[in-house]
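Here is a short walk through one protein chain, written for someone who likes to connect residues to the fold they sit in. Have the structure open as you read, and follow along residue by residue.

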Amino acid sequence: MKKGFVLVEFVIALPMLILLIYALGNMTYKIFNLAKNQAADYVLEVEAQEILSQITNDARAAYSVKIKHQEIFFNYHAIANNQSADYFKNNFNSKIEDLVDLIYTSRYVVRATETHGKYIYRERKEDGPVVNPISGGNFFGDTIVSELTFKRDKKILHITLELQSVVTKHKLKINTAVFMPACED
């Protein structure tokens with residue numbers, strides 16, 4: 001009689017154990033998926049803010065801006081004021097005339113990659129290959145560029161940036177306007 005009773009207990013307990021393991025596994029999967037999606041959306045927001053921050057900082061410092069399709073070129077001097085000129089003069093044994101003429105160009109361009117989609121690149125030269133992506137490639141959630149447009153109205157630069165998360169397919173679109181006080185053209 002004891003052997004039969006143990007067998008009946010086992011037949012009743014086994015399906016309950018399987019249901020319990022399935023429920024725990026399903027709950028763990030849903031929690032992990034939710035955390036992954038939240039991380040991807042966070043990356044989307046932070047990346048959009050960082051890209052706009054870099055572009056607006058370059059725009060504020062630029063004395064010249066050139067827009068071509070989805071590319072923008074900011075030209076600015078390396079020496080901002082007398083204090084920085086003195087620093088370079090004293091620490092690098094250079095004549096101040098040589099330093100004032102240092103002009104840097106920042107170029108922002110959207111290029112497509114073979115594996116994912118469009119990324120934004122930032123380069124210090126006006127032509128040549130682009131190699132420094134400032135968007136995409138994040139471990140917690142890759143993003144691609146849906147739109148990056150620039151419109152200029154005298155000393156105001158209007159920027160529209162739209163990014164999409166590869167993980168969640170959510171889109172984030174930001175518009176901003178930047179006053180460029182140093183811009184001469």
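Two strands pair if DSSP finds at least two bridges between them. With that in mind, take Leu157: its bridge partner in β7 is Val178. Please keep in mind that this is a predicted model.

**The chain as a whole**

The chain contains three helices and seven strands. Read from the N terminus, its elements follow the order α-β-β-α-α-β-β-β-β-β. Of the 185 residues of the chain, 30% count as buried. Among contacts with a separation of 6 or more, 51% come from residues 24 or more positions apart.

**The sheet of β5, β6 and β7**

Let us return to the strands around Leu157. An open sheet is formed by three strands in the order β5-β6-β7, with antiparallel pairing. Its edge strands are β5 (143-153) and β7 (171-179), each of which pairs on one side only. On average, and ignoring direction, neighbouring strands of this sheet are turned by 15 degrees against each other.

How many bridges join β5 to β6? There are ten, and the two strands run antiparallel. One of the partnerships to look for is Asp153 with Ile156 in β6. The connection between β5 and β6 is a hairpin with two residues between the strands, and Lys154 in the turn has a positive phi of about 60 degrees.

On the other side, strand β6 (residues 156-165) is joined to β7 by nine bridges, again in an antiparallel arrangement. Besides the Leu157 and Val178 partnership, you can find Gln164 standing opposite Lys171 in β7. β6 and β7 also form a hairpin, here with five residues between them, and Lys169 in that turn has a positive phi of about 65 degrees.

What about the burial of β6? Eight of its ten residues are buried, so β6 is largely enclosed by the rest of the structure.

**Salt bridges**

Side chains of opposite charge can pair when their charged atoms come close. Searching the whole structure turns up four salt bridges. The table gives three of them, including the closest N and O distance for each.

| Residue | Partner | Closest N and O atoms |
|---|---|---|
| Asp58 | Arg122 | 2.8 Å |
| Arg107 | Glu71 | 3.4 Å |
| Glu71 | Arg111 | 3.9 Å |

Start with the salt bridge between Asp58 and Arg122. Asp58 lies in helix α1 (residues 2-61) and Arg122 in strand β4 (residues 118-123), so this pair ties together parts that are 64 residues apart in sequence. Is Asp58 buried or exposed? Asp58 is buried, because its relative accessible area of 7% falls in the class under 20%. Arg122, at a relative accessible area of 22%, is partly exposed.

Next comes the salt bridge that Arg107 forms with Glu71. Arg107 belongs to strand β3 and Glu71 to strand β2, so the pair links parts that are 36 residues apart in sequence. Both of these residues, Arg107 and Glu71, are buried.

Glu71 also forms a salt bridge with Arg111. Because Glu71 lies in strand β2 and Arg111 in strand β3, this pair ties together parts that are 40 residues apart in sequence. The relative accessible area of Glu71 is 15%, which makes it buried, whereas Arg111 counts as partly exposed at 35% relative accessibility. Through shared partners, salt bridges join Glu71, Arg107 and Arg111 into one network.

**Aromatic rings**

A pair of aromatic rings is described by the distance of the centres and the angle of the planes. The structure holds one aromatic pair. Which residues form the aromatic pair? They are Phe74 and Tyr108, set edge-to-face at 6.0 Å centre to centre with 75 degrees between the planes. Phe74 lies in strand β2 (residues 71-77) and Tyr108 in strand β3 (residues 103-112), so the pair ties together parts that are 34 residues apart in sequence. Phe74 and Tyr108 are buried.

One further ring is worth a look. Phe73 has Lys66 over its face, at 5.0 Å from the ring centre.

**Putting it together**

Strands β2 and β3 are tied by the Phe74 and Tyr108 pair, and the salt bridge of Glu71 with Arg107 also ties these strands.

Definitions and conventions: Residues numbered from 1 in each chain as written. Predicted model: local features only at pLDDT ≥ 70, side-chain atom pairs only at ≥ 80, totals over all residues. Heavy atoms only, no water. Phe/Tyr/Trp six-rings, centres within 6.5 Å; stacked < 30°, edge-to-face > 60°. Helix = DSSP H or I, 4+ residues; strand = E, 2+ residues; numbered from the N terminus. Buried < 20%, exposed > 50% of the residue type's maximum accessible area, 1.4 Å probe, protein only. Lys NZ or Arg CZ within 6 Å of the ring centre and 35° of its normal. Axes fitted to C-alpha atoms, helices over the stretch in contact; angles between N-to-C directions. Salt bridge = Lys/Arg side-chain N within 4 Å of Asp/Glu carboxyl O. Contact = heavy atoms within 4.5 Å.
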